[in-house]
Amino acid sequence: RYYWLILLAAAAAFAVTAAQAQESWNYKSYIKDPNNGTYDKTKFRTSTISLKDEKDGKGTFRMITAAGRPDPCISAGDLPAEVVRSAETLTITVLPPLHGCATFRYVIKLDGSGGVRMARRNDLWEPDGFDHDLTPKK
């Protein structure tokens with residue numbers, strides 16, 4: 001009789017672990033104007049960001065863009081990330097390998113309503129002011 005309870009508990013734990021193996025969100029990658037170096041809030045590429053292999057505050061971040069190059073500070077491959085979860089948010093701080101790129105993070109609301117991209121400037125985290133979507137990928 002207890003065998004079924006143990007089996008059910010193990011199956012539930014496996015389902016939670018599998019769900020946390022990789023999480024993905026919709027993302028808008030804004031395009032920089034080559035003439036003046038600014039970003040246009042009306043021009044973006046649809047992308048997906050994902051977090052996988054999360055363990056002990058670390059994880060692997062990746063951005064996939066359907067066409068063109070994503071954020072210039074993100075390579076096409078996996079990047080190391082620091083991960084912090086609270087009751088309301090998931091914070092993913094990406095550690096970009098490119099010289100001259102500011103450290104940045106995503107603060108994603110766990111209720112599915114979106115989030116913000118922030119950059120570290122002068123030892124402060126500042127939102128970049130763009131709507132990046134950051135809703136769960138379905």
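Start with E23, which counts as buried at 17% relative accessibility. The cut-off explains the label: buried means under 20% relative accessible area. The model is a predicted one, and E23 is a good way into it.

What does the side chain of E23 meet? The side chains of E23 and R85 form a salt bridge, at 2.3 Å from N to O. This pair links distant parts of the chain. E23 lies in strand β1 (residues 22-32), R85 lies in strand β4 (residues 79-85), and the two are 62 residues apart. R85 is partly exposed, with a relative accessible area of 35%.

R85 also forms a salt bridge with E54. Here the closest N and O atoms are 2.7 Å apart. Again, distant parts of the chain are linked: R85 in strand β4 and E54 in strand β2 (residues 39-55), 31 residues apart. E54 counts as partly exposed, at 27% relative accessibility.

Now turn to another pair. K58 forms a salt bridge with E82, and their closest N and O atoms are 4.0 Å apart. K58 belongs to strand β3 and E82 to strand β4, with their positions 24 residues apart in the chain. How exposed are these two residues? K58 is partly exposed at 46% relative accessibility. E82 is partly exposed too, with a relative accessible area of 36%. Back to the earlier residues: salt bridges that share partners join E23, E54 and R85 into one network. A search of the whole structure finds seven salt bridges.

Stay with K58 for a moment. Its strand, β3, covers residues 58-65. Leaving out residues up to four places away in sequence, K58 touches D53, A81, E82 and V83. The C-alpha atoms of K58 and I92 are separated by 9.0 Å, while the two residues are 34 residues apart along the chain.

Next, step back to the sheet. Strands of a sheet pair through backbone hydrogen bonds, either parallel or antiparallel. Which kind of pairing does this open sheet have? The pairing is antiparallel, and the sheet has nine strands. Their order is β8-β7-β6-β5-β4-β3-β2-β1-β9. Why is one side of β8 and of β9 left without a neighbour in the sheet? β8 (124-127) and β9 (133-136) stand at the edges, each with a single partner strand, so one side of each has no neighbour there. From one strand to the next, the twist averages 30 degrees.

Look at one pair of strands in detail. β5 (residues 89-94) and β6 (residues 104-109) run antiparallel. Six bridges join them. One residue to find is T93, whose bridge partner in β6 is R105.

Last comes the nonpolar core. The largest one has 18 residues. Which of them touch the most other members? They are I49, F61, I92 and Y106. Six strands feed this core: β1, β2, β3, β4, β5 and β6 each supply at least two residues.

Y106 shows what such a position looks like. Set aside its neighbours within four places in sequence. Y106 is then in contact with Y27, I49, F61, M63, I74, L90, T91, I92, V94, V116, R117 and L134. That list includes I49, F61 and I92, and these three were named with Y106 as touching the most other core members.

How values were computed. Residues are numbered from 1 along each chain as its sequence is written. This is a predicted model: local features need pLDDT of at least 70, side-chain atom pairs count only at pLDDT 80 or more; totals for chains, interfaces and linings use all residues. Side-chain values use heavy atoms; hydrogens and water are left out. Two strands pair if DSSP finds at least two bridges between them. Helices (H or I, at least four residues) and strands (E, at least two) are DSSP runs, numbered from the N terminus. Axes are lines fitted to C-alpha atoms, for helices over the stretch in contact, and angles run from 0 to 180 degrees between N-to-C directions. Contact means heavy atoms within 4.5 Å. Buried means under 20% relative accessible area, exposed over 50%, partly exposed in between (1.4 Å probe, protein chains only). A nonpolar core is a set of buried Ala, Val, Leu, Ile, Met, Phe, Trp, Tyr and Cys residues joined through side-chain atoms within 4.5 Å.
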